[in-house]
Amino acid sequence: QVQLVESGGGLVQPGGSLRLSCAASGRIASIYNMAWYRQAPGKQRELVAAIPSGGSANYADSVKGRFTISRDNVKKTVSLQMNSLKPEDTAVYYCNANIRQLSAPTANYWGQGTQVTVSS
């Protein structure tokens with residue numbers, strides 16, 4: 001069974017930085033697109049950044065120039081470096097990936113989420 005496990009959330013002051021990480025485990029044959037989403041209280045879940053297995057990353061306009069997504073295909077991880085954090089970045093951040101298991105079709109998976117709070 002595939003699992004995505006996030007780490008790295010927490011409380012940070014405005015202007016600070018955090019790095020989120022997500023590790024995929026299980027009987028994985030291939031990992032295609034990997035992404036980070038976030039959901040603030042009372043709002044819909046939104047795409048923050050995505051990175052394909054080969055190609056350029058894309059970002060939500062609200063985080064361009066501040067956040068950087070990266071992946072390590074050998075370690076099966078995806079990370080999100082968040083700089084110049086703002087209070088409006090406060091949300092639960094979710095890792096997402098399209099993964100093909102051994103002897104199974106490709107499916108979409110979510111992590112359990114990690115809280116990021118930006119506050120003074």
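Is Y94 buried or exposed? I began with this residue in what is a predicted model, and I noted Y94 as buried, because its relative accessible area of 14% falls under the 20% limit.

**Entry: aromatic rings.** I then looked for ring pairs and found that the count comes to 2 aromatic pairs. For Y94 and W110 I noted ring centres 6.3 Å apart and planes at 85 degrees, so I entered this pair as edge-to-face. The pair links distant parts of the chain, since Y94 belongs to strand β9 (residues 91-101) and W110 to strand β10 (residues 106-110), with their positions 16 residues apart in numbering. W110 I recorded as partly exposed, with a relative accessible area of 38%. Ring pairs also bring in Y37, which forms a cluster together with Y94 and W110.

**Entry: a charge over the rings.** I next checked R45, and its charged end sits over the ring of Y94, 3.7 Å from the ring centre. The charged end of R45 also sits over the ring of W110, 4.6 Å from that centre.

**Entry: a sheet.** I turned to an open sheet of 4 strands, which I wrote down in the order β1-β3-β8-β7 with antiparallel pairing. In this sheet β1 (3-7) and β7 (67-72) stand at the edges and have a single partner strand each, so one side of each is left without a neighbour in the sheet. Neighbouring strands here are turned by 15 degrees against each other on average, direction ignored. For the edge strand β7 I found 6 bridges to strand β8 (residues 77-82), the two running antiparallel, and I noted I69 standing opposite L80 in β8.

Note on methods
Residues are numbered from 1 along each chain as its sequence is written. This is a predicted model: local features need pLDDT of at least 70, side-chain atom pairs count only at pLDDT 80 or more; totals for chains, interfaces and linings use all residues. Side-chain values use heavy atoms; hydrogens and water are left out. Rings of Phe, Tyr and Trp (its six-membered ring) pair if their centres lie within 6.5 Å; planes under 30 degrees apart count as stacked, over 60 as edge-to-face and the rest as tilted. Buried means under 20% relative accessible area, exposed over 50%, partly exposed in between (1.4 Å probe, protein chains only). A charge sits over a ring if NZ of Lys or CZ of Arg is within 6 Å of the ring centre and within 35 degrees of the ring normal. Two strands pair if DSSP finds at least two bridges between them. Axes are lines fitted to C-alpha atoms, for helices over the stretch in contact, and angles run from 0 to 180 degrees between N-to-C directions.
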